[in-house]
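Biologist: I'm new to this one, so could you pick a single part and take me through it closely? Then link it to whatever else helps me find my way around.

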Amino acid sequence: MHLPDLIADLGLILAAAGITTLIFKRIKQPLVLGYILAGLLVGSHLDFFPSVTDTKSINIWGEIGVIFLLFSLGLEFSFKKLVKVGGSASITAIVKVLFIILAGYLVGKAMGWKDMDSLFLGGILSISSTMITIKAFEELGLKHKKFAGLVFGVLIVEDLVAILLLVLFSTLAVSQQSAGTEMLYSILKLAFFLVLWFLGGIFVVPSFLKATKKLMNDETMLVVSLALCLVMVLLADKVGFSPALGAFIMGSILAETTQAERIEHLTKSVKDLFAAVFFVSVGMLIDPSMLVKYAVPILVATTVIIFGKILFTILGALLSGQPLKTSVQSGMSLAQIGEFSFIIASLGLTLKVTSDFLYPIAVAAAAITTFTTPYLIKLSEPFYQYLNRVLPKKWLDGIERYSSSTEGITTLSDWKVLLRSYIFNTIIHSVIIIAIIFLAYRYVQPFIVSNIANSLTSIIISVVVSFILMSPFLWALSIRRIQRTAYSHLWLNKKYTRGPLIAIEFFRVALGIFFVGFLMYEFFDTWVAAVIALGLIILGMVIFSRKLQSFYDKLERRFMLNLNARENQKPDILPWDTHLTELTVSPESEVVGKTLTELMIREKYGVNIALIERGRNNIPTPGRDERLYPNDKLLVIGADDQLAAVKALLEIDTPEIAEEDNFPNKEMTLQKVVVHTESPVYGLSIRNAGIREKAQALIVGIERGTDRILNPSSDFIFDNGDVIWIVGNNKKIKEVI
């Protein structure tokens, strides 16, 4: 039997990728570079290694890799994270991307390239690599530094900007000219579908996952997650966007659900496999002779990436009000390109609008900057110290004053609060209403004509159904009161604001009437019929106003519940208000001089003692024979009522329980650890695992399936999938479990 070429090629690719990634892991270099090298080896440009024969099929697998890569990026993205990153990250990212696109375009033109080559070069150079930056931060242990927050925020904004660039470049490639109206239409179309998909996705997907939760084992959850991803890919392709956009959107919708971590864990292996094929297919496109021929453009592109990104990120961060040190560290952390650059470069090749040399240049520049990233991050602090010495004091004082002044700009006036709410209200409900009208006109009415009724009856049914679906959103758009407090302040306190407020209300009503008129215009030929229908519809809105309000409130509650479900979920093991706090043993307390065995605090009150601070000495997870002495500070864990009872025992006539941020040891935390078959504690009892002795940590609860075991006995044996709730030093726990 003849083995299909695809299977043989896949075996060759994975074998090459496996060998190169093991080598790169050994020399502590990013695995992406290993995949690209594997692609170079199995590509058609080198003869001394077996080559892939069915390149077309491998490229299809590579496209699947892009889809799952973007899906996983979406799972880490979350629209709420984008809102939380605030103005600093947004300003920094936008300034950096715009200037780098301009610099890339000018460099391309200076080298005599075509407009599209130059523009795509700017896009390729502008987007930093999320994967490579996060990996570098993890390896250098910098994820908790102050500047890391800004860097991650910038990467989140850049991911969204990259999606926008894919749409804009596709439009430009098709039209072959920078038509302003075409570009504006593409941006508005993208915004419309982003809002619609996000609203619909958040309303439907979390509700579906919640309803089917009991039926979802790991296998079905994996299948359902990938199915949702590919359904959104089909939708994106149907409306004229890249499949990658659909995957990214579905990932970001699932990122808001309570199942996000589980889905991310289950799909990681699929993503890793297909992403490996994608990066290998990237390497297969590299022609070594092309790298030699275009060595100068590669060096120029690398220079623009490193020096341009450092300069423009620092500029953007300073403009956003960040201190010089944070700006410099952020700039030197983002001086590389990666996965999105490959996707933008492959888009140019797919659409046949860029030259063949652009892709190898992008890959070579990515490889060089990936290699330099960790070294630049390490040099960021010394470089800041150097700038601090050489820059004029007047400049440094000016930067510090500007940074301090922008920190205080957080208050919002009543006008800002009101206008922001009105804008959101108008955009959201307009998108929903327009979507309903187009669905009715394009799909519902033709379906009724072909399957149920004649033309006139089908029109009446379509209009009635459309209006019933639209009515709650029309009510919210035109009639609902928004930000009542701010509105009342403006109406009562300043008479000259009443005119604008009345104008806004008039605009809202007029917009609602316009949408109803638009619905009529789509279906009716004569104006008389349209006006009669319009009048009846507006009358119906007034009569059923209260019922519409009630129905809309239910929809909104469901949406907000789904949107906030992930943040609001509480661990099943801790359904009460369990937390860490500090108590001090009063000299007058009856516990002084007694051992923990004698006091039986855990058995009587359900409270665990995580640490004793005695003068300069710390005693983590004290043993049963430890005695309590006057002025000992105890770090304890329990619920509010339990802590109140123990407080009365330990502290005599002292103030309320100290705040959690006064802990003597910041590294003592309550955390969750999952046991798997390779865990050192798997199959051992709590006593034999020696967690208390080795990690100086205390196990306070265990989840096994649906069972919760609080304060487990020392002979409890750990099994695969057990979730341990443990108090202790984060680093030591990781070493032991």
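Modeller: Let's take helix 23 (residues 545-563), where Arg546, Lys547, Lys554, Arg557 and Leu561 are exposed on the other side from the buried residues. Exposed means over 50% relative accessible area, buried under 20%, and partly exposed in between, with a 1.4 Å probe and protein chains only. Helices here are DSSP runs of H or I with at least four residues, strands are E runs of at least two, and both are numbered from the N terminus.

Bear in mind that this is a predicted model: local features need pLDDT of at least 70, side-chain atom pairs count only at pLDDT 80 or more, and totals for chains, interfaces and linings use all residues. Residues are numbered from 1 along each chain as its sequence is written, and side-chain values use heavy atoms, with hydrogens and water left out.

Back to helix 23: its buried residues are Leu548, Tyr552, Leu555, Phe559, Asn562 and Leu563. Looking down the axis, these fall within an arc of 100°, so they line one face of the helix; the arc is taken from the directions from the axis to the C-beta atoms. Helix 23 has 19 residues and spans 26 Å from first to last C-alpha, close to the 27 Å expected, where the expected span is 1.5 Å times one less than the number of residues.

For a spot elsewhere, try Ile124 in helix 5 (residues 115-126). Ile124 is buried, at a relative accessible area of 1%. Ile124 sits 218 residues from Phe342 in sequence, yet their C-alpha atoms are 7.4 Å apart in space.

Now for some loops. Most residues other than glycine have a negative phi. Lys352, though, has a positive phi near 60°, in the loop between helix 15 (339-350) and helix 16 (358-390). Lys352 counts as exposed, at 74% relative accessibility. Asn631 also has a positive phi, about 70°, and belongs to the loop between strand 3 (617-620) and strand 4 (633-638). At 51% relative accessibility, Asn631 counts as exposed.

Last, a helix pair: helix 3 (residues 55-77) and helix 11 (residues 260-284) pack at about 135°, with axes 7 Å apart. Axes are lines fitted to C-alpha atoms over the stretch in contact, and angles run from 0 to 180 degrees between N-to-C directions. Helix 3 and helix 11 are therefore oblique to each other; under 35 degrees is roughly parallel, over 145 roughly antiparallel, 65 to 115 roughly perpendicular, and the rest oblique.
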